[in-house]
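This report describes one protein chain, moving from overall figures to single residues. Please keep the sequence and the structure in view while reading.

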Amino acid sequence: MTYVLIVIVVCILVFAKMALVIIPQSETRIIERLGRYHATLKPGVNIIIPFIDRAKDIVAMVRGRYVYTNNIDLREQVYDFPKQNVITKDNVQTEINALLYFQIVDPFKAVYEINNLPNAIEKLTQTTLRNIIGELELDETLTSRDTINTKLRVVLDDATNKWGIKVNRVELQDITPPESVLNAMEKQMQAERNKRATILTSEGKKASDILQSEGEKMATINRAEAEKQQAILKAEGEAQARIRKAEAEAIAIQKITEAVGKSTNPANYLLAQKYIMMLQQVAEGDKTKTVYLPYEATNLMGSIGGIKDLFKE
């Protein structure tokens, strides 16, 4: 009797342990009763009927391998797909690998609408990526990652909706063209850099020449303006000097007129002074030269005579 009680107690404990199912947070399980869907367990303590209720297995990817598990992870998951070969619109074979961020939002569909969910997502991503890249040339592929990511996410999200999947984000990690294409692109970039450098150098020289010519133009204008002002000032100075000289001569003539009166012509007096100064300069000059006096030099004698008469008076 004692052994029977012990066996009954052990069976009850085992039955109770099998009936109590503890689900961690952010996970769930699909329960089938006699082969049909029964319930989706929530996080916490749940009670099932042992041997009648059974957790449905689902395929998951763990460390790059497909494994079966009855726990469904509701958190966002990341799949890192291996590199695959795709061909661009301009027939360039390129290797691309992608990261896929997705989340199971409907466990029922994830279990019953698709057999191997990770494999289906991977194949769908590869085929969709090939279709999108096939519509773009290599240059567009390298410079339009955001556009490719957006298109890929929209297509995958729409296609996986029936599987209870929400695709949140798709990222292209590496886009690796062939080595020959990389070498050609490097040469093209180098040529483009040399071209830009040549253009910048020529533009700099052009700007320098323009500035230099403008500087020379301004310098020429300034020199011409300075010479003009100098000529004007010189002419004005000479005019003032002549005016002052004429005024001085007028005053001298007036003084002479007042001194000699009307008996002697003041012009003769001044002319005599000029002749005397000229003769003095001739006498002080080169004595080896012969100097010819014009016939009108007789007027000098009359002028000197006038000065003599002046002094006699």
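How much area does the chain expose, and what share of it do carbon and sulfur atoms supply? The chain exposes about 22,200 Å², of which carbon and sulfur atoms supply 57%; accessible areas come from the Shrake-Rupley method with a 1.4 Å probe, and for residues only the protein chains shown count as cover.

The model is predicted, so that local features need pLDDT of at least 70 and side-chain atom pairs count only at pLDDT 80 or more, while totals for chains, interfaces and linings use all residues. Residues are numbered from 1 along each chain as its sequence is written, and side-chain values use heavy atoms, with hydrogens and water left out.

There are eight helices and 12 strands in the chain, taken as DSSP runs (helices H or I, at least four residues; strands E, at least two) and numbered from the N terminus. Of the 313 residues, 25% count as buried (under 20% relative accessible area, with exposed over 50% and partly exposed in between, 1.4 Å probe, protein chains only).

Two residues other than glycine with positive phi values are set out below.

| Residue | Phi | Loop | Relative accessible area |
|---|---|---|---|
| Ser-26 | near 70 degrees | between β1 (20-23) and β2 (27-33) | 27%, partly exposed |
| Asn-91 | near 60 degrees | between β10 (84-87) and β11 (93-104) | 66%, exposed |

Leu-34 lies in the loop between β2 and β3 (36-41) and is exposed, with a relative accessible area of 69%.
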